Amino acid sequence: MRVAVIGTGYVGLVSGACLAELGHSVCCVDVDETKITNLKRGIMPIYEPGLEEIVVRNEKAGRLQFTMDYAEAIPGAEAVIMAIGTPSAEDGSVDMTAFDTAVQSVAQNVRGPIVLVDKSTVPVGTAERIERIARSLTDYPIDVISNPEFLREGHAVYDFLTPARVVIGSASSRATDVMIHLYGYLDCPKYVMDRRSAELTKYAANAFLATKISFINEIAHLAEEVGADVTEVAKGIGSDPRIGKEFLRAGLGWGGSCFPKDVRAIMHLADKHQHPLPIVRAAHAMNKRARERVVERIERTMEPIAGKKVAILGIAFKGNTDDTRESASVDLLSMLRARGATVCAYDPVAKIANDAIAGGPVVIHTDPYEAVVGADVVIVATEWEEFRALDLARLREAMIGDLLVDARNLFRPDDAARAGFRYLGVGR
Ligand SMILES: NC(=O)c1ccc[n+]([C@@H]2O[C@H](COP(=O)([O-])OP(=O)(O)OC[C@H]3O[C@@H](n4cnc5c(N)ncnc54)[C@H](O)[C@@H]3O)[C@@H](O)[C@H]2O)c1
């Protein structure tokens, strides 16, 4: 099937490359010239395990193309997949400006019937709204599908090719048939439902997962008060299949490009309908508290924090990605700097924009042992697997101070103590 993918970011590039890998003929469109030029040369705009290999292979095989020109991608495509960013607006609603512009560009270039597949996370009612807009711009038949994406950055290729389910929100049997053909290769349940339910499914999924993390952080804080270890508690409850062991890692709370904006969006949606949504609001408040509590505990341990040197290991919002959007680690950097600490950082792949932190650029080292030289405290803020293998004694030797803040509970407190550290985990 001929497919166009609009927006070649984390979701669009992975979706386009994976659909090509499965035999479809895919053309990816983006307005970012550097991104498209680099992709044509085989240079990836993001770090995502396994992605480069399938992009390069499918480009060579002629199944995957990149362009800035809608007129090259749209005519002849049966399915056009929207993977445009939908960030938060100031008031917590979803900023649909880029998405709507892209829908108009698609409609203006249609030369036959298409199914417009919305993979971006968008407010409930968007499918109906953009169908009206698109149909007003062309006489060719356009049916809009809501097809929310559930991939995880860092596991995106695997998740796209082996999803737990595919959700297809449809109001047309023709469009449903195209979707079943598009995903025909996937051996997973395909839930066909109405479009509003599909759109809400995505927000409900992210709000639930965010709430689960906030819940374990709340228990972690209680564990600190009562002398329990939240990692043991998480094992104890997670083995119950009704609860499940995923998303029970206490730490700095959730961040990234999806949970924060999607939780704000569902709260905004609820406000619009005068619906209180108390559980999600509590999870949101708890998330802020998770970062504050770690900073307060550091302050209590090494008063005053002003003038101290803090090395932060990990700036990506989670391991296996270079994405620093709304990263808890970046929040931590800002909070510590605001209290007068000197901060520096290390991350295996992520970079940080110079304007992301108030007070100017942060020194980002290329080696973790170099980052901690002369530091009073080291904070492990992202759960990169490579951090588990750090030589704690070597870290300790390079530092002036002896405080290890394990904000992701990667280490055993005993091992840290043996290396000469005072150890501060979360909820233990
Ligand atoms: N990142 C994730 O893990 C993830 C997971 C599931 C769903 N989502 C959702 O998918 C959507 C995309 O997220 P993302 O992380 O891939 O965003 P992104 O910012 O990485 O990519 C968006 C791309 O769209 C391009 N773009 C903007 N305007 C355009 C236009 N008019 N025409 C063509 N391209 C245009 C941008 O240049 C950018 O490359 C969002 O709604 C997000 O919530 C993201």
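**Contacts and aromatic pairs in a predicted model**

Q: What percentage of the contacts in the protein chain with a separation of 6 or more do residues 24 or more positions apart account for?
A: This is a predicted model, in which local features need pLDDT of at least 70 and side-chain atom pairs count only at pLDDT 80 or more, while totals for chains, interfaces and linings use all residues. Residues are numbered from 1 along each chain as its sequence is written, and side-chain values use heavy atoms, with hydrogens and water left out. Where contact means heavy atoms within 4.5 Å, the share from residues 24 or more positions apart, among contacts with a separation of 6 or more, is 72%.

Q: Is the pair of F247 and F259 stacked, edge-to-face or tilted?
A: Rings of Phe, Tyr and Trp (its six-membered ring) pair if their centres lie within 6.5 Å, and planes under 30 degrees apart count as stacked, over 60 as edge-to-face and the rest as tilted; this rule gives four aromatic pairs. The ring centres of F247 and F259 lie 6.2 Å apart with planes at 40 degrees, so the pair is tilted.

Q: Which residue, 41 residues from Y346, forms an aromatic pair that links distant parts of the chain?
A: Y346 has a relative accessible area of 6% and is therefore buried, a term that means under 20% (exposed being over 50% and partly exposed in between, with a 1.4 Å probe and protein chains only). The partner ring lies 6.1 Å away centre to centre, with 55 degrees between the planes. Y346 belongs to strand β10 (residues 342–346), and its partner in helix α15 (residues 385–388) is F387.

Technical notes
Helix = DSSP H or I, 4+ residues; strand = E, 2+ residues; numbered from the N terminus.
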